[in-house]
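This report looks at charged side-chain pairs and at the pairing of strands. Please read it with the sequence and the model side by side.

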Amino acid sequence: MATSINPAIDDFLRPLEIDSSRISELSTDLASTFSHLSAQAADQFLPTPISESILRPVAGRDQGRYLAIDIGGTNLRVAFVELLGTDDDTVQVNGAGVLKKTTTARQLKRQLEHSWPIQDHLKNENSESLFAWIGSKVVQVVAKGCQTFNLPPYEELSMGVTFSFPMKQSSLSQATLMAMGKGFAITSNLDLGGHLLKGYEKHRKSGLPPIKIAAISNDAVATLVSFIYQFPAAAHQKAAMGLIVGTGCNATIPLKLSSLHQDKRSVAISVSPDQDIADVKIAVNTEWSINGTAPPLRKFGLITHWDEELDKAGEAPGFQPLEYMTAGRYLGELARLIFVDYLTTVGRIPIESLPKKLQQRFGLTTTFISHFLPGSERGPILNQLEAEFPVEAFKWTEEGAHALYRIAKAIEIRAAGVIAAATVGLLKCAGELEEVSDPRHGKELVVGYTGGCIQYFQDYLADTQRFLDEIMKPYKHVKVALQPCHDGGITGAGILVPAALAGRVVEH
C-alpha cells in the first residue's frame with residue numbers, strides 16, 4: 001500500500017528561506033565581521049607572505065616548467081606546469097600595469113598530470129603515513145619528468161605546493177599546519193614542507209633529482225594566483241578574488257598588511273624588486289567558513305535546527321558553520337536530515353521503515369541530489385529515488401520525490417545567498433567597492449571560482465550570480481561577476497614558483 005506524503009512542503013521548508021534583502025544586510029554584517037577577524041582572529045584571515053605585486057606579474061616574465069602538487073580534501077594531484085607567457089608585452093595586468101586596446105590571456109599547460117583519491121585510512125592515520133604516500137606519488141611523476149624532459153638528476157627541482165587546509169606561514173616556502181577538518185585526523189603544528197621533503201626522500205630512487213619547496217599556498221590563494229595569471233582583463237576589469245565551493249568552501253583576497261593583527265604579519269614577505277613595504281597588500285586565506293562567521297548567520301536566523309543537528313554529529317562541532325551550509329561535503333547530509341524529518345513528521349512514516357541507507361550518516365550524497373531535479377537526463381525523479389533507496393514497507397510517491405527535490409533546491413538557494421553575501425562582504429572589507437572615479441566606464445570585479453559543488457549542485461552558480469546582481473544594485477557603477485578558474489590549485493602552485501624565485505624577500 002502506498003504511503004501518502006503530505007505536500008505541505010512550503011511551510012516545512014520555511015526555516016531555509018532567504019531573500020535579497022536579508023542577503024544584502026548579511027553582506028554588510030559580514031564585511032564588519034571580516035574586518036574584525038582580520039585584525040583579531042588567530043585562525044582566520046591567514047596571510048600568505050606574497051604581495052599583490054607578485055600576484056599580478058609582469059607579462060612575459062614568468063615562463064618555464066615547474067613541478068606542482070595540489071593536496072586537496074578529496075584528491076592529490078601532481079603535475080609539471082609549463083608557463084608559456086604571452087606574445088604581447090603590453091598586456092593589461094588585471095587592473096594594474098600597462099593598458100592596451102585588446103586583451104591577451106597568458107597560456108599554460110599541465111603536463112604528466114596524475115590524480116589519486118586520498119583514501120579514508122590515509123586521512124585517519126598518522127602524518128608519516130599520509131606524507132610518505134604523497135612522496136611516493138611525487139616520485140612517480142618526477143621519474144616520468146626525467147624521462148620526458150631529460151631533467152638532470154643532480155639539479156634541484158623547485159616545487160610549488162597547494163594545500164587545502166589552514167596553515168600559518170612565516171615565509172612563502174614554509175608552513176605550519178593548523179587543525180585540518182574535512183575528515184582528516186592529523187594534528188596541528190606540523191611542518192608541511194619538512195614532511196613533504198621527508199616523504200619524497202623516502203621513495204626517491206637513484207637518478208632522480210632532489211626537490212626544494214619554493215612556494216606554499218592554500219587552495220583559495222592558488223586559485224586567485226591562477227586566475228590573475230590567466231584572466232585576460234580589460235581596462236575596466238580586475239581579477240579581485242578567488243572563491244572555492246567544492247568539498248569545502250573558502251575564499252582569498254589581497255588585503256593591506258596593516259589590516260592584519262601584528263602577530264599575523266609574516267616575518268618575511270615576497271615583494272616585487274621595486275615595491276615599498278609600506279604600500280604592500282598580501283594574499284590572505286580567509287578560512288571564512290570557520291566559526292568566527294557564525295554570529296551574522298545566527299543574527300539573521302539562517303542557522304536552522306537541521307544545521308545544528310548536522311553540526312553536533314560532525315568531527316568538530318561548531319568548527320565550520322558556513323561550510324556546513326554551503327559546501328559539497330555536507331549538503332547531501334543536510335538534505336538527508338531534512339528529508340528524514342519530513343518523512344517521519346509530515347509523512348508519518350516510522351523511521352524504522354525507511355531504507356537503512358537513508359538512516360545512515362552521509363547515506364544521501366551531495367552528488368545524487370545535485371542532479372535530482374525534474375527533467376534531469378537521469379530520468380524521472382521518482383525513478384531515481386526508487387533506484388537509490390529501495391523500500392519494502394511502503395512505496396515511494398511522486399509527492400515524496402518532489403519533496404526531496406524541493407529540499408535540495410531550498411538548500412541550494414540558501415547556499416547561493418550566503419556565498420553571494422560573503423563575496424560582497426569580503427570585497428567591501430578589502431575596499432574594492434569604492435565608487436569609480438570615471439562612472440562612464442564603470443568597474444567590474446571578477447571573482448574566479450572553482451569547485452564541483454558550485455558548478456553542478458542544482459542551479460548553485462546561476463543563483464549565486466543572480467543574488468550578486470541584486471545586492472550590487474546600490475553600487476551603480478560597480479559589478480561583481482563570477483568567472484570559472486578550474487584547476488586553480490595545481491596551476492596556481494606552478495605559477496607561484498617563478499614568482500617566488502623572482503621576488504625580493506623583505507623582513508617586516
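A salt bridge here is a side-chain nitrogen of Lys or Arg within 4 Å of a carboxyl oxygen of Asp or Glu. The model is predicted, and for that reason local features need pLDDT of at least 70 and side-chain atom pairs count only at pLDDT 80 or more, whereas totals for chains, interfaces and linings use all residues. Residues are numbered from 1 along each chain as its sequence is written, and side-chain values use heavy atoms, with hydrogens and water left out.

**Salt bridges**

Side chains of opposite charge can pair when their charged atoms come close. The structure holds 21 salt bridges, and the table gives three examples.

| Acidic residue | Basic residue | N to O distance |
|---|---|---|
| Asp-11 | Arg-14 | 2.5 Å |
| Glu-82 | Arg-65 | 3.8 Å |
| Asp-487 | Arg-110 | 3.4 Å |

Accessibility is described in three classes: buried (under 20% relative accessible area), exposed (over 50%) and partly exposed (in between), with a 1.4 Å probe and protein chains only. Asp-11 is exposed at 53%, while its partner Arg-14 is partly exposed at 41%.

Secondary structure follows DSSP runs, in which helices (H or I) have at least four residues and strands (E) at least two, numbered from the N terminus. The pair of Glu-82 and Arg-65 links distant parts of the chain, since Glu-82 lies in strand S3 (residues 75-85) and Arg-65 in strand S2 (residues 64-71), 17 residues apart. Glu-82 is buried, with a relative accessible area of 17%, whereas Arg-65 is partly exposed at 34%.

Asp-487 and Arg-110 also link distant parts of the chain, 377 residues apart: Asp-487 sits in the loop between strand S14 (478-484) and helix H18 (488-502), and Arg-110 belongs to strand S4 (residues 107-117). Asp-487 is partly exposed at 26%, and Arg-110 is partly exposed at 35%. Elsewhere, salt bridges that share partners join Lys-409, Glu-412, Asp-459, Asp-463, Arg-466 and Glu-470 into one network.

**Strand S10 and its neighbours**

Two strands pair if DSSP finds at least two bridges between them. Strand S10 (residues 249-256) is mostly covered, with seven of its eight residues buried. Strand S9 (residues 237-245) runs antiparallel to S10 and is joined to it by four bridges, and a hairpin of three residues connects S9 to S10. Within this pairing, Leu-243 has Ala-251 of S10 as its bridge partner.

S10 also pairs with strand S12 (residues 281-285) in the antiparallel sense, over five bridges, and Leu-255 stands opposite Ile-282 in S12.
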